[in-house]
Amino acid sequence: MRPSMMRSVRTALSRGQILRRDYSVTSGPERKVAVLGAAGGIGQPLSLLMKLNPLVSSLSLYDIAATPGVAADVSHINTRSEVKGYVGEENLGEALKGADVVIIPAGVPRKPGMTRDDLFNINAGIVKSLCLAIAKYSPNAIVNMISNPVNSTVPIAAEVFKKAGTYDEKKLFGVTTLDVVRAKTFYAAKANVPVAGVNVPVVGGHAGVTILPLFSQATPQANLPHDVIVALTKRTQDGGTEVVEAKAGKGSATLSMAYAGALFADACLKGLNGVPDVVECSFVQSSVTELPFFASKVRLGKNGVEEVYGLGPLSDFEKKGLENLKPELKSSIEKGIKFANQS
């Protein structure tokens, strides 16, 4: 690399231009973000990325173990936010108090051979207990659910909040941003266009066939052949499995999920701060279909969800995909609701 180019890279890094390229570049009001599960595979890189976000003034990191070390490490980064680490259930309330946004990557990741039922059996209880604490200590916070299976954990959270009398459907989000990130990446490669200018809405849910990328609405429109669209759709749906298998038992899509989670949290913070026209796809309470929860484009604002957008025109392939995903998504939603109401 030429010396002049090296100097440019060093300058960009020192200013945070490369690391923060997708973030807001100006600070705003005091905002506290809590990450529940901050010492895990997603939680650690997510905590790092949130520390880089200038919209965050206070970063609260919680887990059942190892959080003080993660917090100490992240706290040395020379950005705006003050970092505090909390460990153990007895400190969860303090971690949550005053939070504007709560991000939940807690739970176990998927391993080779694990079904989403296996994930549910472990993560459902974790999510339920965390949501009970949120209802008590930060009932007005925006909640970003990352813990899988999102198709079930979001309904669990909704039921917990309803029982506690704190449910606000505008403030509960299932984070499906990774599906969008993947769809953009895969589409850009096939269309041979710069990925930075690509947009692809992804609707439905956040698992397997319930993930429906709307490549017919992709911009810029590349008019890809039908067989390529089918393959891109399948790859987007199986993106998590692709990473799990590539890591061969050593992890799941932790880094890309942390990136996607940080992007969505940034969008929520922008919305809270009054930035206009912040639109992302997310799994929310919805009347777009007959299902009570559904992922589609959502406009974010000071109240969380300001508007849930319809699906727009679908290709015949997408219409078929929509009908095919509904039974599985319905089953996952009902499973979450049933679990939440069992006790």
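Student: How many residue pairs does the rule find in polar contact across the interface of domain 1 and domain 2?
Tutor: This is a predicted model, in which local features need pLDDT of at least 70, side-chain atom pairs count only at pLDDT 80 or more, and totals for chains, interfaces and linings use all residues. Residues are numbered from 1 along each chain as its sequence is written, and side-chain values use heavy atoms, with hydrogens and water left out. A polar contact is a pair of N or O atoms within 3.5 Å, where within protein one must be able to donate a hydrogen and the other to accept it, and residues adjacent in sequence count only if both atoms are side-chain atoms. With both residues of a pair at pLDDT 80 or more, the number found between domain 1 and domain 2 is 9.

Student: Which element gives the largest share of the side of domain 1 that touches domain 2?
Tutor: Helices (H or I, at least four residues) and strands (E, at least two) are DSSP runs numbered from the N terminus. Two or more residues on that side of domain 1 come from each of α2 (43–51), β4, β5, α6 and β6 (172–174). The largest share there is 6 residues, and the element that supplies them is α6.

Student: What area do domain 1 and domain 2 bury between them?
Tutor: The domain bounds, which come from an automatic or database domain assignment, are 32–175 for domain 1 and 176–333 for domain 2. Buried area is the accessible area (1.4 Å probe) that two parts lose on being put together, summed over both. Of the area buried here, 68% is on carbon and sulfur atoms, and the total is about 3,100 Å².

Student: How many salt bridges are counted between domain 1 and domain 2?
Tutor: Counting contacts, meaning heavy atoms within 4.5 Å, one finds that 36 residues of domain 1 touch 42 residues of domain 2. A salt bridge requires a side-chain nitrogen of Lys or Arg within 4 Å of a carboxyl oxygen of Asp or Glu. By that rule the count between domain 1 and domain 2 is 0.

Student: Why is the largest nonpolar core said to lie between domain 1 and domain 2, and which domains give residues to it?
Tutor: A nonpolar core is a set of buried Ala, Val, Leu, Ile, Met, Phe, Trp, Tyr and Cys residues joined through side-chain atoms within 4.5 Å, where buried means under 20% relative accessible area, exposed over 50%, and partly exposed in between (1.4 Å probe, protein chains only). The largest such core has 46 residues, and those with the most contacts inside it are Leu36, Val102, Ile104 and Phe161. Its largest share, 8 residues, comes from α5. It lies between the domains because residues are given to it by both domain 1 and domain 2.

Student: Which residue of β10 has its side chain reaching the backbone oxygen of Tyr309?
Tutor: The residue in question sits in strand β10 and is buried, with a relative accessible area of 0%. Leaving out residues up to four places away in sequence, it touches Val203, Glu280, Cys281, Ser282, Val288, Val308, Tyr309 and Leu311. The side chain that comes to 3.2 Å from the backbone oxygen of Tyr309 belongs to Ser296.

Student: At what distance does the side chain of Asn123 reach the backbone oxygen of Asn148?
Tutor: Asn123 is found in helix α5 and counts as buried at 1% relative accessibility. Apart from neighbours within four places in sequence, Asn123 is in contact with Gly107, Val108 and Asn148. Its side chain reaches the backbone oxygen of Asn148 at 2.9 Å.

Student: What is omega for the cis peptide bond that joins Asn148 and Pro149?
Tutor: Most peptide bonds are trans. Pro149 has its place in the loop between β5 and α6. For the cis bond that joins Asn148 and Pro149, omega is about 0°.

Student: Is Asn192, which has a positive phi, buried or exposed?
Tutor: Most residues other than glycine have a negative phi. Asn192, placed in the loop between α7 (177–191) and β7 (202–204), has a phi of about 60° although it is not a glycine. Because its relative accessible area is 71%, Asn192 counts as exposed.
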